[in-house]
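Work through the exercises below with the sequence and the model in view. Each task is followed by a stepwise solution.

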Amino acid sequence: MKPDSPDFRQNLKNYGHEYFMLDMNMKKIIVIAICSVLLLVSSGCKDDSTQQGVVATVNGQPIFLEELEARYDLDHLSWSGGMVPTVAQLRKDYGRVLAGLVTQRLVEQELEKTGLAVTDEEVLKAEEEVRADYPPGEFEKVLVEDYIDLGRWRYMLRQHLQNEKFRSEVLRPQITLSFEEAEGYYKEHLSDFYLPERVHFLFVSGPDRGTVEKARDMLAAGTPRAEVLSSFSQLSIRELKMREDRIHGTWKQLLAKVEVGQGTPVLSGESGYESFVMLGMLPEKVLGPSQAYPIIERLLVEEKMQQAYADWLEARLKSAEVKVSEHLLRPAEDETPVPDLTLPSQKGSDIFDLQNSTGES
């Protein structure tokens, strides 16, 4: 059954846009999300549109019930067992998730058509990068403990790579940004590029007190950070530039008691032990055009890519054959009819944050 409701097709565009852009911003977090979504998913499925369990097809390519359920679980990881959703709400939620899966299929088909399909080698390379973050044998242990099927995890990883490649190889080449556009934005938003006075310091953390103390003393004595890091294992040194009103209370008190070049006492923290080395105060300033340009470029290019994606999806939906199982669209006998799979409109997101974009806060 091919849905002809204008709302349903609009929902595909809305949710697809939200799902795609969110997925591209997840980076390392996608690994956690992939693992979490698999907790209730069984492994394996046959790529056969005639198989039972097909809930929709996109240009003849099936979407299976188990995939729909997995995506639904991903969207509801924060559910803590409160109010049980109604059947009507579940139908709407599943419709929203299905819209996202439809757009994923369209992205996959676009990559295949343009010769940019994600290869097994690319998936393997990405998997190796993930495994590198775990001690030997720990990655497999995590999968077993969380009842995660490795094949299913790789399937989700492939979809993430598809979205990344679609973004970089299909959308990005379409985008151009003129100097006049960037200059105009800078002049219109000059106040956004004001940086107040900030505290400049080093944050030193490690697994044991002795290591952090020695590293702190070396840094306070002027030893280069690279040399300090090479002298200890499992040591972290971060350079921070923060507004005073954004510094944690305990940190703020410690930094207020030391002079430039001095270190604070070692404290027990979330990551073991931590200390600070004061580097000084940075005066307030307004970023000049050359300093602001990378930020402006990132913002305007992102806006244009979102529009390019919306235009691409609208065009594909006009020609795509999307068939949805009538069981998802038809209300049960004891259920109030739900004529349309109405989805919430995409909410705006603060993709531009001057403090974060400059590595400062």
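**Exercise 1. Locate T57 and state which residues surround it.**

Step 1. T57 belongs to strand β1; helices (H or I, at least four residues) and strands (E, at least two) are DSSP runs, numbered from the N terminus. The model is predicted, so local features need pLDDT of at least 70 and side-chain atom pairs count only at pLDDT 80 or more, whereas totals for chains, interfaces and linings use all residues. Residues are numbered from 1 along each chain as its sequence is written, and side-chain values use heavy atoms, with hydrogens and water left out.

Step 2. The relative accessible area of T57 is 15%, which makes T57 buried (under 20% relative accessible area; exposed is over 50%, partly exposed in between; 1.4 Å probe, protein chains only).

Step 3. Leaving aside residues up to four places away in sequence, T57 touches P62, E321, V322 and K323, a contact being heavy atoms within 4.5 Å.

Step 4. Two of these contacts are also bridge partners: P62 in β2 and K323 in β9.

**Exercise 2. Work out the strand order of the sheet that holds β1, and say which strands stand at its edges.**

Step 1. β1 (residues 54–58) is joined to β9 by three bridges, antiparallel. With β2, β1 pairs over four bridges, again in the antiparallel sense. Two strands pair if DSSP finds at least two bridges between them.

Step 2. The resulting open sheet of three strands has the order β2-β1-β9. β2 (61–64) and β9 (322–324) are the edge strands, each with a single partner, so one side of each lacks a neighbour in the sheet.

Step 3. On average, neighbouring strands of this sheet are turned by 20° against each other, direction ignored. Axes are lines fitted to C-alpha atoms, for helices over the stretch in contact, and angles run from 0 to 180 degrees between N-to-C directions.

Step 4. The hairpin of β1 and β2 has two residues between the strands, and N59 in it takes a positive phi near 55°.

Step 5. Helix α4 (residues 87–113) lies across β1, β2 and β9 and runs at about 145° to β2. Four of the five residues of β1 are buried, so β1 is largely enclosed by the rest of the structure.

**Exercise 3. Is β4 buried or exposed, and which strands does it pair with?**

Step 1. Nine of the nine residues of β4 are buried, so the strand is largely enclosed by the rest of the structure.

Step 2. Both faces are covered: one carries R198, H200, L202, V204 and G206, the other V199, F201, F203 and S205.

Step 3. Eight bridges link β4 to β5, antiparallel; among the partners, L202 is matched with E239. β4 and β7 are antiparallel too, over nine bridges, and H200 stands opposite G280 in β7.

**Exercise 4. Describe which residues of α9 are buried and what they pack against.**

Step 1. α9 (residues 209–220) has twelve residues.

Step 2. Its buried residues are T211, V212, A215, R216 and L219. They cover an arc of only 130° around the axis (taken from the directions from the helix axis to the C-beta atoms), which puts them on the same side of α9.

Step 3. These residues pack against β4 (198–206), α10 (225–231), β5 (236–243) and β7 (272–282).

Step 4. After α9 comes G222, with a positive phi near 95°.

Terms used: The expected span of a helix is 1.5 Å times one less than its number of residues.
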